[in-house]
Amino acid sequence: MPLLVEGRRVTRPRCCVRAHSPLEERARLLRGQSVQEVGPQGLLCVQRRELAVTSPKNGSISILGSDDATTCHIVVLRQTGNGATCLTHCDGTDTKAEFPLIMNSIKSFSDHVQCGRLKVHLVGGFRDDRQLSQKLTHQLLKNENHFPIIYGIAVNIKTAEIYRASFQGPGPEEQLRAARTLAGGPMIKNLSTSPLAEPPHFVEFIRSTLMFF
């Protein structure tokens, strides 16, 4: 599947941001936004290694969102023909396996759509010491202190607006959903990919998560 920017095919994805000024401008505008506090009404909040997909026809969900992204990548994939939208929070654990799941999820909402294209937005990552972000994004932030600028985003399903966001509550069974990411290996290696760059509530959240073990 070819990657297009402003209708032109991109042959070198690693260089696409620097080579296409509209992408840099949109990234600058997103970074410059104030963070909006998103309440629980109509919100489905996605945690690490989760994905959600819905469409404007859904009467219960109008906002998909995710936050606490440091070295992680938040991906929004939207079918412009019918507005079907998928949001996922990738941490680089198995990106190769996650990509088909993302594509299949959006296709399941778009089987009978005769027009439109897939539009992708990638947010997250920074120049971390372990170079985990580079493996996900191949894009470095020009910031001497090397902290991520954007920790979370939300996407409005009906208007397609994407904006910086934080959330009053990530939804049901928050700690239980997060606990699954700590299984299957030494816990200390999974607590954080970037200990010096986590948001202020990270330690408290991990402590409450560990109560399930």
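**Strand pairing around β8 and in the five-stranded sheet**

In the hairpin formed by β7 and β8, five residues lie between the strands, and Gly-83 adopts a positive phi near 80°. This hairpin makes a handy entry point to the structure, which is a predicted model. Its two arms run antiparallel, with six bridges joining β7 (residues 73-79) to β8. Within this pairing, Val-75 of the hairpin is found opposite Thr-88 in β8.

Strand β8 also pairs with β5 (residues 51-54), again in the antiparallel sense, here over four bridges. Thr-54 faces a threonine across this pairing, as Thr-85 of β8 stands opposite. How much of β8 is covered? The strand, which spans residues 85-90, is mostly covered, with six of its six residues buried. Thr-85, Leu-87 and His-89 point one way from the strand, whereas Cys-86, Thr-88 and Cys-90 point the other way, and all are buried.

Turning to another part of the model, an open sheet is built from five strands in the order β3-β11-β10-β6-β4, with mixed pairing. The edge positions are taken by β3 (36-38) and β4 (43-45); each has a single partner strand, so one side of each is left without a neighbour in the sheet. From one strand to the next, the twist averages 40°.

Inside this order, β10 (residues 153-156) and β11 (residues 162-167) are paired in the antiparallel sense over three bridges. The bridge partner of Val-155 in β11 is Ile-162.

Conventions:
Residues are numbered from 1 along each chain as its sequence is written. This is a predicted model: local features need pLDDT of at least 70, side-chain atom pairs count only at pLDDT 80 or more; totals for chains, interfaces and linings use all residues. Side-chain values use heavy atoms; hydrogens and water are left out. Two strands pair if DSSP finds at least two bridges between them. Axes are lines fitted to C-alpha atoms, for helices over the stretch in contact, and angles run from 0 to 180 degrees between N-to-C directions. Buried means under 20% relative accessible area, exposed over 50%, partly exposed in between (1.4 Å probe, protein chains only).
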